[in-house]
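Please read the structure below alongside the text that follows. The paragraphs take it part by part.

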Protein chains: 2
Amino acid sequence: MARKTGSHSQITGPKIQEAALQLFARHGYAAVSMRQIASEVGVQAGALYNYVPDKQTLLSQLLVDHMQALLAALDELPVAPDPKAALEQFVRHHILYHVPRPDEVFISYMELRNLTPDNHARVAALRQDYEGRLAIVLQAGVSAAQFRVPDAKIASYAIIALLTGVVNWFDPNGRLSAQGVADEYWQMVAQLVGLQVANGGDT
Amino acid sequence: MARKTGSHSQITGPKIQEAALQLFARHGYAAVSMRQIASEVGVQAGALYNYVPDKQTLLSQLLVDHMQALLAALDELPVAPDPKAALEQFVRHHILYHVPRPDEVFISYMELRNLTPDNHARVAALRQDYEGRLAIVLQAGVSAAQFRVPDAKIASYAIIALLTGVVNWFDPNGRLSAQGVADEYWQMVAQLVGLQVANGGDT
DNA sequence: GTCTATAGTGCGATAGAC
DNA sequence: GTCTATCGCACTATAGAC
């Protein structure tokens, strides 16, 4: 153990991603230096460039990976029988996927402006794909006269913002588990779209 | 006109604030240099230090000013007769105040982590004061059995996030005016807290 | 694959002339 | 109040030894 130098290609790569993710989330992309990332990983700055072409690509890769994984997880859910079930599924998926990954969520919203235009376009397209899924569900519910919202597109923005806000206050050691939070948010979203909800979630 | 040098103390100060606000919002605090701000204002970098002690204070002042103005505007509203009216007032105030000020909103959420601990504490206290007003309204409505939400505190987080998200998509040249957006969001928030809402807002 | 060393650039902030 | 000039430092990315 504790040898100072050597080959670690299997280990160093992922460690760079993790360290960059954490540092970017905590201090912001522009405020974090490659030296800081290297220090966190336990190598010298120059060694990073065996794994990453440059700092911009490192950020871009983190965001693309996150959005792709989020979409892939959504695609693995079973098909819901009706708009209400589809909406509940989306709400629970969004919260349960995001809550354990606050750093990814943070940089995915905060660091878009530090992407070069082409990288920004790739991430924005993935985001639009994801958010569009919710808009489709809402539109279906409105068309079926099951939901009542002023505008399906605007409601989708509102619901995404509401759900994503969870990561700003969620505390893993707090009163509520992620499941409990998902239960409460589902009640609020159900009411938001005009569904009648049974009283306060007794078991 | 067009003289190159001279005294402009009445003009330069505010111009620095404006330029810094815009640049911080667009590129992030850490990514913006004092030279860029100076260039936007039309002076050399050194001249900024006649108005601002340092870059950190410049950021901090922008955030504190924004939160204080937001709270002051809230305090000027008339006292609402009941929780429903108070909630509607808060929703409309929040949207109508924020929508014309997207840059302030942006940096107030994004640049908190670039504040020194003492500056952060000042801004966080102001934010907590503001958001607490909504929590109080919600709690009052729940106690009076007029609202139905799983938890007043969590509902306040959800509603703040939902409302603030407006600045991410609002387009001054779009279909809806700020007033129209406020109308639609009020309907959604009213439903979210379990109020029965009349159909779609026909005039 | 990692190291050391460094080229080349830009930064925040200050000093002193006008 | 603004300018020019500059100090001292940190940065990204590369080069070449091991």
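In which helix of chain A is the place of N119(A)? The residue belongs to helix α7, which covers residues 117-143 of chain A. Everything said here refers to a predicted model. Is N119(A) buried or exposed? Its relative accessible area is 11%, and because the limit for a buried residue is under 20%, N119(A) counts as buried. Apart from neighbours within four places in sequence, the contacts of N119(A) are Q56(A) and S60(A).

From this one residue we can step back to the chain that holds it. Chain A contains 10 helices and zero strands. Written in sequence order, the pattern of chain A is therefore a run of helices, α-α-α-α-α-α-α-α-α-α. The C-alpha trace of chain A extends over about 65 × 40 × 30 Å along its principal axes. Chain A has 203 residues, and 48% of them are buried. Take the contacts in chain A between residues at least 6 apart in sequence: 68% of these join residues at least 24 apart.

The end of helix α7 leads to a loop. A145(A) sits in the loop between α7 and α8 (152-164) of chain A. The phi angle of A145(A) is near 60°, a positive value in a residue that is not glycine. Is A145(A) buried or exposed? With a relative accessibility of 69%, A145(A) is exposed, because the limit for that class is over 50%. In chain B, A145(B) is located in the loop between α7 (117-143) and α8. Phi of A145(B) is also positive, near 60°, in a residue other than glycine. A145(B) has a relative accessibility of 67% and counts as exposed.

The next topic is the interface of the two protein chains. How many residues does the contact take from chain B and from chain A? Chain B gives 38 residues and chain A gives 38 residues. The size of an interface is often expressed as the accessible area that is lost when the parts come together. For chain B and chain A the buried area is about 3100 Å², and 58% of it is on carbon and sulfur atoms. Four salt bridges are found across this interface. One salt bridge joins the side chains of R113(A) and E111(B), with N and O 3.2 Å apart. The rule also finds 14 residue pairs in polar contact across the interface of chain B and chain A, both residues being at pLDDT 80 or more. On the side of chain B that touches chain A, at least two residues each come from α1 (9-27), α6 (102-110), α8 (152-164) and α9 (178-192) of chain B. That side of chain B consists of 22 nonpolar, nine polar and seven charged residues.

The model also holds DNA, and strand C comes next. Which residues come nearest to DNA strand C? Of the 19 residues around the strand, these are T12(A), Q44(A), N50(A), Y51(A) and Y49(B). Among the atoms of DNA strand C within 4 Å of the protein, 72% belong to sugar or phosphate, and the rest belong to bases. Several contacts reach phosphate oxygens of this strand. A polar side-chain atom of T12(A) is 2.8 Å from one phosphate oxygen of DNA strand C. From chain B, a side-chain N or O atom of S33(B) lies 3.1 Å from a phosphate oxygen of DNA strand C, and for K55(B) a backbone N or O atom is 3.2 Å from a phosphate oxygen of the strand. The elements that supply two or more residues to the surface near DNA strand C are α1 (9-27) of chain A and α2 (34-41) of chain B. That surface has six nonpolar, 10 polar and three charged residues.

DNA strand D is surrounded by 20 residues, and the closest are R35(A), T12(B), Q44(B), N50(B) and Y51(B). Of the atoms of DNA strand D that come within 4 Å of the protein, sugar and phosphate make up 73%. Which distances separate phosphate oxygens of DNA strand D from side-chain N or O atoms of S33(A) and T12(B)? For S33(A) the distance is 3.2 Å, and for T12(B) it is 2.8 Å. A polar backbone atom of Q44(B) lies 2.5 Å from a phosphate oxygen of DNA strand D. Two or more residues of the surface near DNA strand D come from α2 (34-41) of chain A and likewise from α1 of chain B. The residues of this surface are six nonpolar, 10 polar and four charged.

How values were computed: Residues numbered from 1 in each chain as written. Chains lettered and ligands numbered in written order. Predicted model: local features only at pLDDT ≥ 70, side-chain atom pairs only at ≥ 80, totals over all residues. Heavy atoms only, no water. Near = heavy atom within 4 Å. Polar contact = N/O pair within 3.5 Å; in protein donor to acceptor, adjacent residues only side chain to side chain. Helix = DSSP H or I, 4+ residues; strand = E, 2+ residues; numbered from the N terminus. Nonpolar A, V, L, I, M, F, W, Y, C, P; charged D, E, K, R; others polar. Contact = heavy atoms within 4.5 Å. Buried area = accessible area lost by both parts, 1.4 Å probe. Buried < 20%, exposed > 50% of the residue type's maximum accessible area, 1.4 Å probe, protein only.
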